[in-house]
Amino acid sequence: MTDAPNDFRRFYDLGYRHLVPVIPPGAPISERSSLHRRIAAGGDARGKTPGLRWGDGTWSGFDWVQHEMVEADLERWAAMGAGVGIRTGFGGLVLIDADALERAHADIV
């Protein structure tokens, strides 16, 4: 493991207890994953889709809706290089993901 900060730990320490690992943009996807078929069809959701990296270095999705995060996941997910996702809807947590191509629109958001 590197000395890079563990963003999962950082969010956990801020009180977020419903985290998920997110497949990094451009990560290699397992040929057995349904994500592989979606990418081949032109739908690339890497960088937004929860998933896990396997021993061969490829990634696939997992049943993140049913997974109950435990503190040990923080180190494991950081070590695999996953991005941090936050499950919403718990305790009234609501977030907005708004992408804007123009600065004026971003300022409004």
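**Figure 1. The charged end of R17 over the ring of Y12.** In this predicted model, the charged end of R17 sits over the Y12 ring, at 3.7 Å from its centre. A second arrangement of this kind involves R10, which lies over the face of F11. Here the distance to the ring centre is 5.0 Å. Both R17 and F11 come back in the views that follow: R17 is part of the lining of the largest cavity, and F11 is one ring of an aromatic pair.

**Figure 2. F11 and Y16 as an aromatic pair.** The count of aromatic pairs comes to two. In the pair of F11 and Y16, the ring centres are 5.8 Å apart and the planes meet at 65°, so the pair is edge-to-face. The cut-off at work here is an angle of over 60 degrees between planes. F11 also carries R10 over its face, so to speak, which makes this ring a good place to pause when you go through the view.

**Figure 3. Y16 and its surroundings.** Y16 is found in the loop between α1 (7-13) and β1. Is this residue buried, exposed or partly exposed? With a relative accessibility of 28%, Y16 counts as partly exposed, because that class lies between the 20% and 50% limits. Leaving out residues up to four places away in sequence, Y16 touches F11, I86 and L93. For a sense of scale, take T58: Y16 and T58 are 42 residues apart along the chain, and their C-alpha atoms are separated by 27 Å.

**Figure 4. H18 beside R87.** Like Y16, H18 is found in the loop between α1 and β1. Its relative accessibility is 27%, so H18 counts as partly exposed. Which residues does H18 contact, once its neighbours within four places in sequence are set aside? They are G85, I86, R87 and F90. H18 and R87 are 69 residues apart along the chain, yet 5.4 Å separates their C-alpha atoms. I86 is a contact of H18 and also of Y16.

**Figure 5. The largest cavity and its lining.** Searching the whole structure gives one cavity of 30 Å³ or more, and the largest cavity holds about 30 Å³ of space. Its lining consists of R17, H18, L19, H67, E68, M69 and R87. By character, these residues divide into three charged, two polar and two nonpolar. R17 is the residue whose charged end sits over the Y12 ring, while H18 and R87 are the pair with C-alpha atoms separated by 5.4 Å.

**Figure 6. S33 in its loop.** S33 lies between β1 (19-22) and α2 (34-40), in the loop that joins them. A relative accessibility of 7% means that S33 counts as buried, because the limit for that class is under 20%. Beyond the residues up to four places away in sequence, S33 touches W59, S60 and G61. Two of these positions belong to β3 (59-60).

**Figure 7. G55 in a second loop.** G55 is found between β2 (52-53) and β3 (59-60), again in a loop. How accessible is this residue, and is it buried or exposed? At 88% relative accessibility, G55 counts as exposed, whereas S33 counts as buried at 7%. G55 and E75 are 20 residues apart in sequence, with 16 Å between their C-alpha atoms.

**Figure 8. The whole chain, for orientation.** Four helices and four strands make up the elements of the protein chain, and from the N terminus on they run α-β-α-β-β-α-β-α. The C-alpha trace spans about 45 × 35 × 30 Å along its principal axes. Of the 109 residues in the chain, 27% are buried. Among contacts with a separation of 6 or more, 65% come from residues 24 or more positions apart.

Methods. Residues are numbered from 1 along each chain as its sequence is written. This is a predicted model: local features need pLDDT of at least 70, side-chain atom pairs count only at pLDDT 80 or more; totals for chains, interfaces and linings use all residues. Side-chain values use heavy atoms; hydrogens and water are left out. Rings of Phe, Tyr and Trp (its six-membered ring) pair if their centres lie within 6.5 Å; planes under 30 degrees apart count as stacked, over 60 as edge-to-face and the rest as tilted. Buried means under 20% relative accessible area, exposed over 50%, partly exposed in between (1.4 Å probe, protein chains only). A charge sits over a ring if NZ of Lys or CZ of Arg is within 6 Å of the ring centre and within 35 degrees of the ring normal. On a 1 Å grid over the protein atoms alone, a cavity is a set of points where a 1.4 Å probe fits but cannot get out, and a pocket is an open set with protein on both sides within 12 Å along at least five of seven lines; lining residues have an atom within 4 Å of a point. Grid points are joined across faces, edges and corners, and a volume is the space filled by probe spheres set on the points. Ala, Val, Leu, Ile, Met, Phe, Trp, Tyr, Cys and Pro count as nonpolar, Asp, Glu, Lys and Arg as charged, and the others, Gly among them, as polar. Helices (H or I, at least four residues) and strands (E, at least two) are DSSP runs, numbered from the N terminus. Contact means heavy atoms within 4.5 Å.
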